[in-house]
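Work through the exercises below with the structure open. Each task comes with a stepwise solution.

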Amino acid sequence: MALNPFIEAQSGNFISGPPSAGDLLGDSIFRSVAYLCAVLILALVAYILWEIGKQALPAMHEYGLGFVTGTTWDTNRSEFGVLPEIWGTLYSSLLALLLGGVFGISIAIFLTQDFIHAKLAAVFRTIVELLAAIPSVVYGLWGIYVLIPLIRPGAEWLHEHFSWFPLFGTDLSGPGLAPAALVLAIMILPTVAAISTDAFRRVPYKVKEAAYGMGTTRWEAILKVMLPTASSGILAALVLGFGRALGETMALAMLIGNSNEISLSLFSPANTLASLLASNFPEAGEIEIRALMYAALVLLAITFIVNVLGLAIQQYTMRKFEGLK
């Protein structure tokens with residue numbers, strides 16, 4: 001015999017009943033633990049900055065802003081400058097974000113906009129997310145032994161016929177910006193695709209149905225309705241992917257060439273702040289360690305600025321497309 005739902009609702013065991021003293025105590029404990037974890041995270045970040053800054057302070061006093069604008073890294077003469085590394089970090093990360101962002105958002109559209117069956121989409125989503133489990137060193141080795149020989153003929157052809165164009169001004173003799181950016185794009189692809197997929201799935205399906213009711217085509221509904229509505233989540237994915245690219249170390253140390261050069265050419269060797277730290281720290285003396293700590297602070301500052309700008313852009317898109325204040 002079926003139970004009367006109204007009688008069940010009046011009983012104290014029903015979910016609609018007021019919270020018990022145990023529920024209130026559990027909620028209070030959870031809130032306190034969450035606040036404590038947040039404070040501990042802030043304290044950990046402050047401690048890391050303090051330790052790095054304390055060791056970098058002598059180099060900051062000695063080199064000042066000339067450290068950021070200098071182009072020479074010579075331990076024998078105690079001359080240190082990281083402008084080529086800053087250029088290589090931003091250039092390679094932006095190239096990777098361009099490639100990984102386009103393909104990541106395209107994958108998210110393909111998996112969420114009814115192009116394939118839901119079960120098959122789950123399989124593809126799992127395969128893409130598995131890319132994040134591959135170690136950075138494996139990506140570096142794959143880039144050296146597979147990617148560079150694969151793209152070298154095309155790079156030589158582009159340099160031979162379009163050497164007047166700055167992007168193809170040098171030939172690809174080995175490691176360089178192009179293979180490093182391609183590997184970085186593959187590495188940030190799971191992050192961009194996964195978060196963009198969640199952003200699209202968060203948009204109610206009735207939004208697209210309403211667009212269809214207004215007479216839009218399938219692609220008009222996706223590009224003019226779904227994409228702007230999910231733009232805040234997509235921007236968050238791009239910012240996280242960009243931060244991932246800025247901090248990548250081992251793969252870039254193996255693929256970018258570790259050369260203090262500033263060039264627009266996609267095939268020239270370069271260097272990044274993260275690979276500079278990884279390559280020089282094991283054999284660094286006391287003076288160079290201070291300079292490397294200064295370089296680490298510069299990398300942290302770049303990452304902080306990128307996150308602040310990304311948050312500002314995300315808030316703007318949320319106000320414009322989602323009506324949030």
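**Exercise 1.** Find which residues of H6 and H7 meet, then classify the pairing.

*Solution.*
Step 1. Take the contacts, meaning heavy atoms within 4.5 Å. From H6 come Ser136, Tyr139, Trp142, Gly143, Leu147, Ile148 and Ile151; they meet Ala178, Pro179, Leu182, Val183, Ile186 and Met187 of H7.
Step 2. Sort them by class: 11 nonpolar, two polar and no charged residues. Here Ala, Val, Leu, Ile, Met, Phe, Trp, Tyr, Cys and Pro count as nonpolar, Asp, Glu, Lys and Arg as charged, and the others, Gly among them, as polar.
Step 3. Note the basis. The model is predicted: local features need pLDDT of at least 70, side-chain atom pairs count only at pLDDT 80 or more, and totals for chains, interfaces and linings use all residues. Residues are numbered from 1 along each chain as its sequence is written, and side-chain values use heavy atoms, with hydrogens and water left out.
Step 4. Get the geometry. H6 spans residues 136-162 and H7 residues 177-202; their axes come within 10 Å and cross at roughly 130°. Axes are lines fitted to C-alpha atoms, for helices over the stretch in contact, with angles from 0 to 180 degrees between N-to-C directions. Helices are DSSP runs (H or I, at least four residues), numbered from the N terminus.
Step 5. Name the arrangement. H6 and H7 are therefore oblique to each other. Angles under 35 degrees are roughly parallel, over 145 roughly antiparallel, 65 to 115 roughly perpendicular, and the rest oblique.

**Exercise 2.** Place Tyr212 and describe the helix pair it joins.

*Solution.*
Step 1. Tyr212 lies in H8, residues 205-213.
Step 2. Its relative accessibility is 33%, so Tyr212 counts as partly exposed (buried is under 20% relative accessible area, exposed over 50%, partly exposed in between; 1.4 Å probe, protein chains only).
Step 3. Leave out residues up to four places away in sequence: Tyr212 touches Thr217, Arg218 and Ala221.
Step 4. The axes of H8 and H9 (residues 218-229) come within 10 Å and cross at roughly 125°. H8 and H9 are therefore oblique to each other.
Step 5. Val207, Lys208, Ala211 and Tyr212 of H8 make the contact with Arg218, Ala221, Val225 and Met226 of H9. By class, that gives six nonpolar, no polar and two charged residues.

**Exercise 3.** How far apart are Tyr212 and Tyr139 in sequence and in space?

*Solution.* In sequence, Tyr212 and Tyr139 are 73 residues apart. In space, the C-alpha to C-alpha distance between Tyr212 and Tyr139 is 43 Å.

Technical notes
Helix = DSSP H or I, 4+ residues; strand = E, 2+ residues; numbered from the N terminus.
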